[in-house]
Amino acid sequence: MTMSEIFAPLKEPLIMGTAVGIMVGVIAVIAGLTYFKLWGWLYNNYIKTVDHKKIGVMYIFVALVMLFKGGVEALLMRAQTAVPDNKLLNSEHYNEIFTTHGVLMILFVAMPFLFGLFNVVIPLQIGARDVAFPRLNALSFWLFAAGAVLINVSFIIGGSPNAGWTSYFPLAGIEYNPGVNNNYYAWSLQISGLGSLMTGINFVTTIVKMRAPGMTWMKVPMFTWSSFIANIIVVFAFPVLTVALIMMTMDRQFGTKFFSTEDGGMDMLWANLFWVWGHPEVYIVILPAFGVFSEVIATFSRKNLFGYGSMVASMIIISLLSFLVWAHHFYTMGHGVVVNGVFSITTMLIAVPTGVKIFNWLLTMRHGRITFTTPMLYALGFIPIFTIGGVTGVMLAMASADYQYHNTLFLVAHFHYVLIPGTVFGILAGYHFWWPKMFGFKLNEKIGQVGFWLIAIGFNVTFFPMFILGLDGYARRMYTYSAETGYMTLNMISFIGALVLALGFATLVYNIYYSLRHRKELACGGDPWDARSLEWATHSPVPEYNFAVVPTISRLDEFWYAKKEGRDLQAGKIEDIHMPNDSAAPFWQSVVMGLFAFFFIFNEIGIAIALGVVTLIFMAVRSFEIDEGRHIHIKEIEEEERRLRGDR
Amino acid sequence: MAQLFPKEHVLGFIGSIVLTLVALSVIQFDLSLTAALVILWVTAIAQASLQLVLFMHIGETDDKKSIYVATIYSVVIGLVTVFGSLLAMIWGY
């Protein structure tokens, strides 16, 4: 490719403007870090860290930044379709935007935000010092970050993926899509997907092996349980994506014909493999959010969770059923009645365990003393809105009716009605709930609640009209329409809703700024919400070693009962604590792997192979490395504990 | 020193590359479909066992129950994926 081809996207003023904005931002950050002499601090405290809490915070930070990029794309789409025959975006740019919006929101917002919460919360909830493989955890994060950089760079260098976030063949194949656009898709998902797979393995191992003494399976807090199930799904689903993406790369860059329409290839096999991963992926992002709601609702109803056992059972059933329903994403592909019948039934079955959970939450609140905090508002808002998403899901599950809804805005409205209350509300509930645990001060309640109402109302105004538009035959992914269709009014309402939604998300950022300035007044102790599970038993912010003495667990919600009985869970004798060493290797290995993917995208195979060899060297050095970790001594722990308690 | 050398890992690494090359050879030679499929099945099963034994250290734990649960769950999901795909893409098409 020539230079002018590579930088072709910059010919568009909107992209040029964004590129300049990003450059100014990057220069400002670099200048700021240099001026305040923070490079060493950043490198030693964050880039080299293997501490699960810091990695969690970094995940959440990157996810928030990506949320705003994905949100701006959503606003642009709504603005483009607000009036008929709009010229704001051309068709190619619109294609790129709806593609990256989907990819970003699912893979670079929902998942990393939840992974951030896993990292911050799970080791604390089970009374562990860190995750099972701290170094691997750092590698997971930096690989995810490398993937995020790749997908964002694509806008400026070479062009973004443009075949939809599902990237169906033959459209995504080399004959219809000869640019580098979809190479970016394959490689950024591949690199970040490897990170996700490692996170899955890491957390399954952590939860199986590192629970505090006495914490048997039925005493594990619900967020940890739901994340455990989600991570098992990660371990089983992501290899399918890895293989499918390799096949995509082979097709696009090495001339194989796996998904080709000729020479015995099968274009719909891509759709099949994509959804074998894609449907479980939905449960990967929604189950941990269910866990957050369970914690939040129990805490703010001042009651123990209703039907703990049935919650666990329903999640285990969901984990299995999530692998049995994928073909409902392409009912209209043209397969026979038997296939559609089988997948219709499995799809409707999944509504049963989900319904069980909804009733459990409602019954948890029954006779509870409910306090309406920001996280609780998100949990309360989730139930009715998500139910609309669930009911329209059952409508879509009927294969014959689906021929009517397929590929219209009805579908788009449905999955936003599932993913926004399910995942986004869950993420935001968890974010407001655990913020004090991360930083030692609360977020301002008033701004948080205003934010909730803006988001909840803005969301419904944006997406409800899409149900009606969809039933009126408005196809998804259309970049414009003519005035005679009569689609304008509802599209305009949807655009206004999107503006309210954007305002709601802006309050999140304002709240960080406001609360940071007022952190002295908002400062709180280890247990600001009078909560139930173990993470609240230690200080906020959490010391490096998490618990001075690992508590022994005798029942579910041990911390709550210990509070009632006036027991100190960390009363034992303090001993030396064994901790993992920091390492910069995961960061540099991810830089190399990111560059490897970048050169691969542009078919610079020679450079890519060289960088691949460097990656192998990193791995070889790691296998021969002997790292025994280090110890924090009793004296240091006692000093730190005294400091955190406030007596010096 | 002999104990420090990760013999199993190196063996597994070379073994998995060799098995991959053998599997790839089916496109190089003009084999009958049956012969090609036999080679692919044998190398696939050998490859999976090699990974499980040499890298995942299956069987090196006393916790037999969790090994069985994990194996059965994996086999079920694997079979569902393979036969479900065959149903959706070929038999029920």
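Of the 648 residues of chain A, 49% count as buried. The model is predicted, and the mean pLDDT of chain A is 92, with 100% of its residues at 70 or more. Among the elements of this chain, helix α1 (residues 3-6) has the lowest mean pLDDT, 79, and helix α16 (residues 445-471) the highest, 96.

**Overall form of chain A**

Chain A holds 22 helices and two strands. Its radius of gyration is 25 Å, close to the 26 Å that the globule rule gives for 648 residues, so chain A is as compact as a globular protein of that length. The C-alpha trace spans about 70 × 60 × 45 Å along its principal axes. Of the contacts in chain A between residues at least 6 apart in sequence, 83% join residues at least 24 apart.

An unreviewed UniProt entry annotates residues 35-554 of chain A as "domain: Cytochrome oxidase subunit I profile". Over residues 35-554 the chain is 69% helix and 0% strand. The end C-alpha atoms of that stretch are 52 Å apart.

**The side of chain A that touches chain B**

In the contact between the two chains, 14 residues of chain A meet 11 residues of chain B. Two elements of chain A give two or more residues to this side, namely α9 (267-301) and α11 (337-349). The largest share, four residues, comes from α9(A). By residue class, the side of chain A that touches chain B has 10 nonpolar residues, four polar and no charged.

**Backbone details**

Two cis peptide bonds of chain A, each leading into a proline, are set out below with their omega values.

| Cis peptide bond | Omega | Place of the proline |
|---|---|---|
| A:Phe169 to A:Pro170 | about 5° | loop between α6 (134-153) and α7 (181-209) of chain A |
| A:Ser540 to A:Pro541 | near -10° | loop between α18 (519-522) and α19 of chain A |

The loop that holds A:Pro541, between α18 and α19 of chain A, also holds A:Asn546. Although A:Asn546 is not a glycine, its phi is positive, at about 70°. Is A:Asn546 buried or exposed? The cut-off for a buried residue is 20 or more other C-beta atoms within 10 Å. A:Asn546 has 23 C-beta neighbours inside 10 Å and therefore counts as buried.

That loop leads to helix α19 (residues 558-565) of chain A, whose buried residues are A:Glu558, A:Phe559, A:Trp560 and A:Ala562. Just after α19(A) comes A:Gly566, which takes a positive phi of about 70°.

Chain B has a positive phi in a residue other than glycine as well: for B:His57 the value is near 55°. B:His57 is placed in the loop between α2 (33-55) and α3 (64-91) of chain B. The cut-off for an exposed residue is 12 or fewer other C-beta atoms within 10 Å. Because B:His57 has 10 C-beta neighbours inside 10 Å, B:His57 counts as exposed. Thus A:Asn546 and B:His57 both take a positive phi, but A:Asn546 is buried whereas B:His57 is exposed.

Terms used:
Residues numbered from 1 in each chain as written. Chains lettered and ligands numbered in written order. Predicted model: local features only at pLDDT ≥ 70, side-chain atom pairs only at ≥ 80, totals over all residues. UniProt positions renumbered as here; feature names shortened; annotations may be inferred. Rg over C-alpha atoms; globule rule 2.2 N^0.38 Å. Contact = placed C-beta atoms within 7 Å. Nonpolar A, V, L, I, M, F, W, Y, C, P; charged D, E, K, R; others polar. pLDDT = per-residue confidence, 0-100.
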